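Take a look at the model below. This report covers a pair of helices, a pocket and one residue.

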Amino acid sequence: MVNKELKKNSKIRTVNMMIQSALIIILIVLVANMMVEIKNLQGTARVINYAGLVRGATQRVVKLEVIGNSDDELIEYLDDVLADLKYEDGEYNLVSLRDTDYQKKLDIQIDYWGKLKNEINNVRENGVDNSDIVDMSEMYFSLADQTVSAAERYSEGIADNIHFIETITVIDMAGVLLLIIQAIIIVRKNKVLEQKAYLDAHTGLPNKSRCEEVFHDLRFLDRNVACIMFDLNNLKIANDTLGHSVGDQ
């Protein structure tokens, strides 16, 4: 009975270790994915901020052109920021978001920025009354606003992914912890069962099963061994004649 229980616990412990190993592998994958998502999230807030600055600064450029006070430095600044938003190789340390919708809207915005600059040159040559710069600036503002919104959605999506991964990670870690606790309980049970299986309950000495294991261990028999058998207080006679229950008493 005890040996069957030990074998059962051994199987449970083996399955436990297999599940625990699988959960640890899953945990490693989750942590790796979280690191990737965090890396994707880094710099996103800065991109949103600069995309918003482009939106507002362009309105300032147009207003200055309308009143005849051109600012080429501001236009150059906007060129640099847009290039940095697209190719992340500028002086503002911006990242190019890996999002199809954002990139598409940014491309449309950059293309329209080129048209708006051409209209600025038209204003300088032919005057405000002969241009569509105001209507175009409003259109550009709308395009820039769409780009900012796409960047914000991308950031929110990453944040949601990180939150989901965190939740799964907590569940995974809880599973690992429960399996560790279960393994500790099984180890303690096995110690108790081993004591029952290999120790005599009345004397606390190794019983027949334990002695047989020792004698079959070649590491134990690496030198001359003597085996002494003796009867304690005629116990064998009591067992043989009156039964083991009386002998135990």
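## Two helices and a pocket

In this predicted model, helix H4 (residues 100-126) and helix H5 (residues 133-198) have axes that come within 9 Å and cross at roughly 160 degrees. An angle over 145 degrees counts as roughly antiparallel, so H4 is roughly antiparallel to H5. The crossing of H4 and H5 is left-handed. Why give both an angle and a distance? Two packed helices are described by the angle between their axes and the distance between the axes.

Now turn to the largest pocket. It holds about 1200 Å³ of space. Its lining has 23 residues, and the closest to its centre are Pro 206, Asn 207, Lys 208, Phe 230 and Leu 235. Three helices, H6 (208-215), H7 (235-242) and H8 (244-248), each supply at least two residues of that lining.

The table sets out residue classes for the helix contact and the pocket lining.

| Site | Nonpolar | Polar | Charged |
|---|---|---|---|
| Contact of H4 with H5 | 16 residues | 4 residues | 5 residues |
| Lining of the largest pocket | 10 residues | 6 residues | 7 residues |

One residue deserves its own look. Where is Asn 207 found? Asn 207 sits in the loop between H5 and H6. Is Asn 207 buried or exposed? Its relative accessible area is 19%. Buried means under 20%, so Asn 207 is buried. Asn 207 also lies 8.0 Å from Ala 197, C-alpha to C-alpha, and the two are 10 residues apart in sequence.

Definitions and conventions. Residues are numbered from 1 along each chain as its sequence is written. This is a predicted model: local features need pLDDT of at least 70, side-chain atom pairs count only at pLDDT 80 or more; totals for chains, interfaces and linings use all residues. Side-chain values use heavy atoms; hydrogens and water are left out. On a 1 Å grid over the protein atoms alone, a cavity is a set of points where a 1.4 Å probe fits but cannot get out, and a pocket is an open set with protein on both sides within 12 Å along at least five of seven lines; lining residues have an atom within 4 Å of a point. Grid points are joined across faces, edges and corners, and a volume is the space filled by probe spheres set on the points. Helices (H or I, at least four residues) and strands (E, at least two) are DSSP runs, numbered from the N terminus. Ala, Val, Leu, Ile, Met, Phe, Trp, Tyr, Cys and Pro count as nonpolar, Asp, Glu, Lys and Arg as charged, and the others, Gly among them, as polar. Axes are lines fitted to C-alpha atoms, for helices over the stretch in contact, and angles run from 0 to 180 degrees between N-to-C directions. Angles under 35 degrees count as roughly parallel, over 145 as roughly antiparallel, 65 to 115 as roughly perpendicular and the rest as oblique. A crossing is left-handed if the near helix is turned anticlockwise from the far one by less than a right angle, and right-handed if clockwise. Buried means under 20% relative accessible area, exposed over 50%, partly exposed in between (1.4 Å probe, protein chains only).
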